[in-house]
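Biologist: I should like to learn how the features of a model are read, one at a time. Where should we begin?

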Amino acid sequence: MRRIKHNLGRLPQVRMGHHRMPDAVLGLGLAGAIAVGTLLPVSQAFASPSSHRADAAAVTTADAAAAQDANRDGGQSASRSETREPVQQQSPAPADQAAADQAAADQAAAEKAAADQAAAEKAAADQAAAQQAAEQAAAPAKKTYANNLDGWIEEARDVLAANGKHVPSAKAMRAAAIAESSGNPTAQNNWDSNAKKGTPSIGLTQMIQPTFKAYALPGHNDIRNPVDNLVASSQYCDARYGNMDNMAAARGYGSHWRGY
């Protein structure tokens, strides 16, 4: 267009009349249109390849990125799939399962037997404890005795009764104890004939050791124990005089006492 304008500038200056000016303008417009029509395809031809190449490159880059993402997602999915895949346990063989079931049944039976035995033992122990408690409740409380002459006489009479022996009166026992030792269980005669023979009279009713040993009851073998001494003396009087009351009455219960 510059050339055209330049060439047009070199055209001889022709003075036109007003009636020819539209034709001249029309000619210039036509020449410009021709020039534009010629240059436009050329410029499009140069611009189109680069645009197509850019679009193709963009598409290729996008496809590569998508493929990379797909590969990464696929790897992660596979990894997750491998991680989450449950471990398949092999089922035991029928024979092994039967043996395991039998072992479990045997263990359960043994545990039940042990529990039953423990329960039976506990029941027996509870029954024995209840029976013992009942016997203790039924049994009378152990009697206590005063530690004096009256208490010793009372206990000696209870010992004789418990052993099925004749029980003398407390009066007869008291008379014998007072007349023989003045009620002193530790008294000992070291001057009479018995002492001269080496067997002094000892204790509450002044018995010599051989006589005491012959008439003592089992569990009452201490000649110096006042209860044991009274028990053996009563047994001796039963054998010699019929009973201690007969002996004590013959001596006036102490009014005219003599050795027995």
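Modeller: Let us begin with burial: a residue counts as buried when its relative accessible area is under 20%, as exposed when it is over 50%, and as partly exposed in between. The model before us is predicted. Gln 206 shows how the term is applied: its relative accessible area is 13%, so Gln 206 is buried. Across the protein chain of 260 residues, 21% count as buried.

Biologist: Where does Gln 206 lie in the chain?

Modeller: Gln 206 belongs to the loop between β2 (201–202) and α7. The protein chain as a whole has nine helices and two strands, and their order along the sequence is α-α-α-α-α-β-α-β-α-α-α.

Biologist: How should I read the backbone angle phi at such a position?

Modeller: The general expectation is that most residues other than glycine have a negative phi. Gln 206 is not a glycine, yet its phi is positive, at about 55°. Ser 182 also has a positive phi, near 60°, and is likewise a residue other than glycine.

Biologist: Is Ser 182 buried or exposed?

Modeller: Ser 182 is exposed, because its relative accessible area is 61%. Ser 182 sits in the loop between α5 and β1 (188–189). Ser 181, by contrast, is placed in helix α5, which covers residues 170–181. Ser 181 counts as buried because its relative accessibility is 9%.

Biologist: With which residues is Ser 181 in contact, once its neighbours within four places in sequence are left aside?

Modeller: A contact here requires heavy atoms within 4.5 Å. On that basis, Ser 181 is in contact with Ala 187, Gly 203, Leu 204 and Gln 206. The buried loop residue Gln 206 is thus one of the partners of Ser 181. For the protein chain, contacts between residues 24 or more positions apart make up 43% of those with a separation of 6 or more.

Biologist: Could you apply the same reading to Ile 223?

Modeller: Ile 223 lies in the loop between α7 (209–215) and α8 (226–241). Its relative accessibility is 7%, so Ile 223 counts as buried. With neighbours within four places in sequence set aside, the contacts of Ile 223 are Ile 202, Gly 203, Met 207, Ile 208, Gln 209, Phe 212 and Asn 229. To take one of these, the C-alpha atoms of Ile 223 and Met 207 are 7.9 Å apart, while 16 residues separate the two in sequence.

Biologist: What is the C-alpha separation of Ala 214 and Ala 232?

Modeller: It is 8.2 Å, for two residues 18 residues apart along the chain. Ala 214 is in helix α7. Ala 214 counts as exposed, because its relative accessibility is 56%.

Biologist: How is a pair of aromatic rings described?

Modeller: The description rests on the distance of the centres and the angle of the planes. The whole structure holds three aromatic pairs. In one of them, Tyr 215 and Tyr 236 are 5.7 Å apart, centre to centre, with 70° between the planes, and the arrangement is edge-to-face. Tyr 215 is in helix α7 and Tyr 236 in helix α8, so this pair ties together parts 21 residues apart in sequence.

Biologist: Which of these two rings belongs to a buried residue?

Modeller: Tyr 236 counts as buried, at 14% relative accessibility, whereas Tyr 215 is partly exposed, with a relative accessible area of 27%. A further pair joins Trp 257 and Tyr 260: the ring centres are 6.3 Å apart and the planes stand at 75°, so this pair is edge-to-face. Tyr 260 is buried because its relative accessible area is 15%. Ring pairs link Tyr 215, Tyr 236, Trp 257 and Tyr 260 into a cluster.

Biologist: Finally, what is the volume of the largest pocket, and which residues are closest to its centre?

Modeller: The volume of the largest pocket is about 300 Å³. Among the 13 residues lining this pocket, Asn 194, Ser 201, Gln 206, Met 207 and Tyr 260 are the closest to its centre. By class, the lining consists of four nonpolar, seven polar and two charged residues. Three residues of our discussion therefore return here: Gln 206, which is buried at 13%, Met 207, a contact of Ile 223, and Tyr 260, a member of the aromatic cluster.

Methods: Residues are numbered from 1 along each chain as its sequence is written. This is a predicted model: local features need pLDDT of at least 70, side-chain atom pairs count only at pLDDT 80 or more; totals for chains, interfaces and linings use all residues. Side-chain values use heavy atoms; hydrogens and water are left out. Helices (H or I, at least four residues) and strands (E, at least two) are DSSP runs, numbered from the N terminus. Buried means under 20% relative accessible area, exposed over 50%, partly exposed in between (1.4 Å probe, protein chains only). On a 1 Å grid over the protein atoms alone, a cavity is a set of points where a 1.4 Å probe fits but cannot get out, and a pocket is an open set with protein on both sides within 12 Å along at least five of seven lines; lining residues have an atom within 4 Å of a point. Grid points are joined across faces, edges and corners, and a volume is the space filled by probe spheres set on the points. Ala, Val, Leu, Ile, Met, Phe, Trp, Tyr, Cys and Pro count as nonpolar, Asp, Glu, Lys and Arg as charged, and the others, Gly among them, as polar. Rings of Phe, Tyr and Trp (its six-membered ring) pair if their centres lie within 6.5 Å; planes under 30 degrees apart count as stacked, over 60 as edge-to-face and the rest as tilted.
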